[in-house]
Amino acid sequence: MPDMQFQAFPIAEMSVGMFAAPSYLQGSGPIEVPADLERHALVLPRERPGVAYLALSNGAREEKVSLRADVRASDFACVLKLAEAGAGIAPLPEIIVANSMSAGRLVRVLPDWSWSGLTLHAISAPGRQMTARTKVFRDYIKARL
């Protein structure tokens, strides 16, 4: 936030896909295009009420869908747990769902569609020079991600 004067360093660009538990998908209707999401239970990482807009792209075209959350959470960790529990379909960064997918707790919905442009930042306190070990750690995480 600009008024707080923190320093933000980009660490990784993340792609966000739509994910759901197999148990949720068993009883749901087909999900073939982004507009189908409007008929499903959704878990969104957003605290503000109202409609959320999500622009999904398949490389050739982009579709903007308006989504009403059945459940809202303030962070991706909560959204992940709710999606794994079958609460609905959730937009989550692929890096966050890797373990859940390999364990079979989540599957990708609309696999050809994703939302890009989410950047993970490392934040440091204002008014201080970054220590050498902090810089090494930041660079290590950036390389790993």
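# Close-up views of a predicted model

**View 1. Alanine 87, a partly exposed loop residue.** With a relative accessible area of 26%, alanine 87 counts as partly exposed. Keep in mind as you look around that this is a predicted model. Alanine 87 sits in the loop that links α2 (76–84) with β6 (90–93). Who does alanine 87 touch, once residues up to four places away in sequence are set aside? The list is Ala41, Val43 and Leu82. Alanine 8 is a long way off by comparison: 79 residues separate it from alanine 87 along the chain, and their C-alpha atoms are 33 Å apart.

**View 2. Stepping back to the whole protein.** Here we pause the close-ups to get our bearings. The protein has four helices and eight strands. Following the sequence, they come in the order β-α-β-β-β-β-α-β-α-β-β-α. A box of roughly 55 × 35 × 30 Å, taken along the principal axes, holds the C-alpha atoms. Of the 145 residues, 32% are buried. Among contacts with a separation of 6 or more, 72% are between residues 24 or more positions apart.

**View 3. The largest nonpolar core.** This view goes inside. As a rule, nonpolar side chains in soluble globular proteins tend to be buried together. In this model the largest nonpolar core is made of 17 residues. Met18, Leu37, Leu56, Leu67, Ile89, Val109 and Leu110 have the most contacts within the core. Two or more residues come from each of β1 (7–20), β3 (52–57) and β4 (62–67). Which element gives the largest share of this core? That would be β3, with three residues. Another core lies apart from this one; it has 10 residues, including Val79, Leu80, Ala90 and Leu106.

**View 4. Valine 109 and leucine 110, two neighbours in the chain.** Both residues are on the list of those with the most contacts inside the largest nonpolar core. Leaving out residues up to four places away in sequence, valine 109 touches Met18, Phe19, Ala20, Leu25, Ile31 and Ile89. Next along is leucine 110, in the loop between β7 (107–109) and β8. Is leucine 110 buried or exposed? It is buried, because its relative accessible area of 5% falls under the 20% cut-off. The backbone of leucine 110 is worth a look too: its phi is near 50°, a positive value in a residue other than glycine.

**View 5. Strand β6, covered on both faces.** In a regular strand, side chains alternate between the two faces of the sheet. In β6, Ala90 and Leu92 are on one side, with Pro91 and Pro93 on the other, and all four are buried. Strand β6 runs antiparallel to β1, and four bridges join the two. Which residue of β6 is the bridge partner of phenylalanine 19? Look for alanine 90.

**View 6. The largest pocket.** Now for some empty space: the largest pocket holds about 290 Å³. Its lining counts 13 residues, and the ones nearest the centre are Pro45, Arg46, Ala52, Tyr53 and Trp115. Strands β3 and β8 (115–124) each give two or more residues to this lining. The largest share, three residues, is from β3. What sort of residues line the pocket? There are 11 nonpolar and two charged residues, with no polar ones.

**View 7. Aspartate 36, a buried charged residue in a loop.** Aspartate 36 is in the loop between α1 (22–26) and β2 (43–44). Why does aspartate 36 count as buried? Its relative accessibility is 10%, so it comes in under the 20% limit. Aside from residues up to four places away in sequence, aspartate 36 touches Pro30 and Ile31. The C-alpha atoms of aspartate 36 and valine 65 are 9.3 Å apart, with their positions 29 residues apart in sequence.

**View 8. Arginine 138, buried in a helix.** Our last stop is in helix α4, residues 132–144, where arginine 138 lies. Arginine 138 is buried because its relative accessibility, 15%, is under 20%. What does arginine 138 contact, leaving aside neighbours within four places in sequence? Phe9, Ile11, Ala122 and Met130 are its partners.

Conventions. Residues numbered from 1 in each chain as written. Predicted model: local features only at pLDDT ≥ 70, side-chain atom pairs only at ≥ 80, totals over all residues. Heavy atoms only, no water. Buried < 20%, exposed > 50% of the residue type's maximum accessible area, 1.4 Å probe, protein only. Contact = heavy atoms within 4.5 Å. Core = buried A, V, L, I, M, F, W, Y, C linked by side-chain atoms within 4.5 Å. 1 Å grid on protein atoms, 1.4 Å probe; cavity = no way out; pocket = protein on both sides within 12 Å on 5 of 7 lines; lining within 4 Å. Points joined across faces, edges and corners; volume = space filled by probe spheres on them. Nonpolar A, V, L, I, M, F, W, Y, C, P; charged D, E, K, R; others polar. Pairing = 2+ DSSP bridges.
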